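Here's a quick briefing to read alongside the model. Have the viewer open and follow the bullets topic by topic.

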Amino acid sequence: MTVGLDRMGTVATLDDTLDTVLGKKTADALANALDLHTIGDLLRHYPRRYAERGELTEVAGLEIGEHATVMAQVERVSKRTMRNRRGTILEVRITDGHRSLTCTFFNQAWRERELLPGKRGLFAGKVNAFRGQLQLANPEYQLLDEDSDESTVAEFANALIPVYPAAAGLPTWSIARCVRQVLDMWDGTEDPLPADLRREHKLAGLEESLRGVHRPDGWPAIKRAEHRLKWDEALAVQLVLAQRRLSAANRPAPACPPVTGGLL
């Protein structure tokens, strides 16, 4: 049995819907963008990678058309007036130290005051190309520095920052905030694997693994959590195959009548 407390003070389980903890608006956003409906769905939406605080993402690895989140440093900022209509274009050049990427903001000149050269942060958006250069149009971003407010500091306090598979309008830091809120209100779960089986295969507990993959305190914790969660996925596949074999054995094919010659 999975036990936890939602904001209404009722018992919550991994099968409970996300609106019990996150509210309807946030739950609907997760359901529509990522097909996540329950607490278990969210806690099994694992990070695709981890960024170390101060580490920059390689721009060279980005692909056109993907929704990407990069950690980069602001290199330079420029503003110009649109030619064919009223308004301004703010171009923010970010870099990983080797290659650059342009973030383009339309009619958002005020961002020039916070996207200063030297600032580092997470930038999320759909990668496209303009005049042969990689670009993020109107990306969402979260700056990481000493000027960050309390919520930002809490979000990225750990040395390792989980980067989640995201979607348009739902960047990785929003998903991380949802995961943190759920984990803060979740008291754990009974492990479906017997203790002796876990000892035999040197597996961490399920609760430890779910917390460790989302809130790691180092690479060893990540490896330990991933080992257990991958083992669970492999076991689930084997159980499905075993059920199919059992089902097939319970429906034997009728005996073929004897024939002379030819194939039976």
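Buried, as used here, means under 20% relative accessible area, exposed means over 50%, and partly exposed is in between, with a 1.4 Å probe and protein chains only. By that yardstick L42, at a relative accessible area of 0%, is buried.

A word on ground rules: this is a predicted model, so local features need pLDDT of at least 70 and side-chain atom pairs count only at pLDDT 80 or more, while totals for chains, interfaces and linings use all residues. Residues are numbered from 1 along each chain as its sequence is written, and side-chain values use heavy atoms, with hydrogens and water left out.

**The chain overall**

- The secondary structure adds up to eight helices and 10 strands; helices (H or I, at least four residues) and strands (E, at least two) are DSSP runs, numbered from the N terminus.
- The chain has 264 residues, and 39% of them count as buried.
- Among contacts in the chain with a separation of 6 or more, 56% come from residues 24 or more positions apart; a contact means heavy atoms within 4.5 Å.
- Accessible surface comes to about 15700 Å², with 52% of it belonging to carbon and sulfur atoms; these areas come from the Shrake-Rupley method with a 1.4 Å probe, and for residues only the protein chains shown count as cover.

**The largest pocket**

- Rolling a probe the size of a water molecule over the atoms shows where empty space is left.
- On a 1 Å grid over the protein atoms alone, a pocket is an open set of points where a 1.4 Å probe fits, with protein on both sides within 12 Å along at least five of seven lines, and lining residues have an atom within 4 Å of a point.
- The largest pocket holds about 290 Å³ of space, where grid points are joined across faces, edges and corners and a volume is the space filled by probe spheres set on the points.
- Its lining is made up of R80, M82, R83, N84, R85, I89, E91, T104, F106, F130, R131 and Q135.
- Strands β4 (88-95) and β5 (100-106) each contribute at least two residues to that lining.
- By type, the lining of the largest pocket splits into five charged, four nonpolar and three polar residues; Ala, Val, Leu, Ile, Met, Phe, Trp, Tyr, Cys and Pro count as nonpolar, Asp, Glu, Lys and Arg as charged, and the others, Gly among them, as polar.

**Buried spots in helices**

- L42 sits in helix α3 (residues 39-43).
- Leaving out residues up to four places away in sequence, L42 touches L18, L22, L36, I175, C178, V179, V182 and H214.
- From L42 to A31, 11 residues apart along the chain, the C-alpha separation is 9.8 Å.
- S209 belongs to helix α7 and counts as buried at 1% relative accessibility.
- Beyond residues up to four places away, S209 touches A204, A225, R228 and L229, and its C-alpha is 7.3 Å from that of R224, 15 residues apart along the chain.

**Buried spots in strands**

- M71 lies in strand β3 (residues 67-81) and is buried at 2% relative accessibility.
- The C-alpha atoms of M71 and A51 are 7.8 Å apart, with their positions 20 residues apart along the chain.
- P162 is part of strand β9 (residues 160-163) and is buried too, with a relative accessible area of 13%.
- P162 and E52 are 110 residues apart in sequence, yet 8.9 Å apart C-alpha to C-alpha.
- Apart from neighbours within four places in sequence, P162 is in contact with P47, R49, Y50, T172 and H214.

**Cysteines**

- How many disulfides does the structure hold? It holds zero, a disulfide being a pair of cysteine sulfur atoms within 2.5 Å.
- C103 is buried, with a relative accessible area of 0%, and C178 is buried at 9%.

**Positive phi outside glycine**

- Most residues other than glycine have a negative phi.
- N107, not a glycine, has a positive phi of about 55°; N107 is in the loop between β5 and β6 (120-130) and is partly exposed at 47% relative accessibility.
- K202 also has a positive phi, near 55°; K202 is in the loop between α6 (195-201) and α7 (206-214) and counts as exposed at 69% relative accessibility.
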